[in-house]
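Grab a pencil and have a look at the chain below. A few exercises follow, each with a worked solution.

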Amino acid sequence: MLIDHLLERGAKVAVHDPEAMDNVKHQYGDKLVYANNPQGVLEEADALAINTEWGEFRNPDFAEMRRLMKHPVIFDGRNLYDPETMLTHGFTYHSIGRATVRPSRSITASSLPPHSSPRVRHGDTTTSPGRRGAVASSR
């Protein structure tokens, strides 16, 4: 399971699922950070893994997501988003059965869509001790 792998590698994992939170809390206890909403998992996250198709994840405010995340990297296990849209908003976007998209140059405020607030920090986005990962679901 993704959460187990991340924890074994020393990641700090924040989770949100509108239906499965009680089961996750029962299974993992205080090993995880539990968010009350999707935005709660994003603050200072090095990456986001989406493993659910709940409606609340389908039409997010991408500018807000990018502003909250430490590194704008998404692993989308449900292909919820259009890769070109993700590229436009400055995300590195990994999805299933489609090519990964990543910004080819440094992102600046003038290169983002209106109302985007960049907070770009370049660096390794692989899981390492102390990094924070966000998981949108535990299923």
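## Warm-up: the overall picture

Keep in mind that this is a predicted model. Residues 24 or more positions apart make up 60% of the protein chain's contacts with a separation of 6 or more.

**Exercise 1.** Work out in which order helices and strands follow each other along the protein chain.

*Solution.* Start with the tally: 4 helices and 6 strands. Now read along the sequence, and you get α-β-α-β-β-α-β-α-β-β. As for burial, 43% of the 139 residues are buried. The accessible surface comes to about 7600 Å², and carbon and sulfur atoms hold 48% of that.

## Helix 2 and its two sides

**Exercise 2.** Find the buried residues of helix 2 (residues 21-28) and work out how they are arranged around the axis.

*Solution.* Step one: pick out the buried residues, which are Met 21, Val 24 and Tyr 28. They sit on the same side of helix 2, because the arc they cover around the axis is only 60 degrees. The spacing rule behind this is simple: an α-helix has 3.6 residues a turn, so residues three or four places apart point the same way.

Step two: turn to the other side of helix 2, where Asp 22, Asn 23, His 26 and Gln 27 are exposed.

Step three: look for the cover. The buried residues of helix 2 are covered by elements including helix 1 (2-8), strand 1 (12-15) and strand 2 (33-34).

Last, check what comes after the helix: Gly 29 follows, with a positive phi near 55 degrees.

## A salt bridge in helix 3

**Exercise 3.** Track down the salt bridge and say whether its two partners are buried, partly exposed or exposed.

*Solution.* The count is 1 salt bridge, and it joins the side chains of Glu 64 and Arg 67 at 2.9 Å, N to O. Both residues belong to helix 3 (residues 62-68) and lie 3 residues apart, about one turn of the helix. For the accessibility, remember that partly exposed runs between 20% and 50%. Glu 64 has a relative accessible area of 27%, so Glu 64 is partly exposed. Arg 67 is at 31%, so Arg 67 counts as partly exposed too.

## Strands 4 and 5

**Exercise 4.** Which faces of strand 5 (residues 92-95) are covered, and how does strand 5 pair with strand 4?

*Solution.* In a regular strand, side chains alternate between the two faces of the sheet. Here Thr 92 and His 94 are on one side, Tyr 93 and Ser 95 on the other, and all are buried, so both faces are covered. Next, the pairing: strand 4 (residues 73-76) and strand 5 run parallel over 4 bridges, with Phe 75 opposite His 94. Finally, add helix 4 (residues 83-88), and strand 4, helix 4 and strand 5 form a right-handed β-α-β unit.

Note on methods: Residues numbered from 1 in each chain as written. Predicted model: local features only at pLDDT ≥ 70, side-chain atom pairs only at ≥ 80, totals over all residues. Heavy atoms only, no water. Helix = DSSP H or I, 4+ residues; strand = E, 2+ residues; numbered from the N terminus. Buried < 20%, exposed > 50% of the residue type's maximum accessible area, 1.4 Å probe, protein only. Contact = heavy atoms within 4.5 Å. Areas by Shrake-Rupley, 256 points an atom, 1.4 Å probe, with all protein chains shown as cover. Salt bridge = Lys/Arg side-chain N within 4 Å of Asp/Glu carboxyl O. Arc of directions from axis to C-beta. Pairing = 2+ DSSP bridges. Right-handed = clockwise from strand over helix to strand, strands pointing away.
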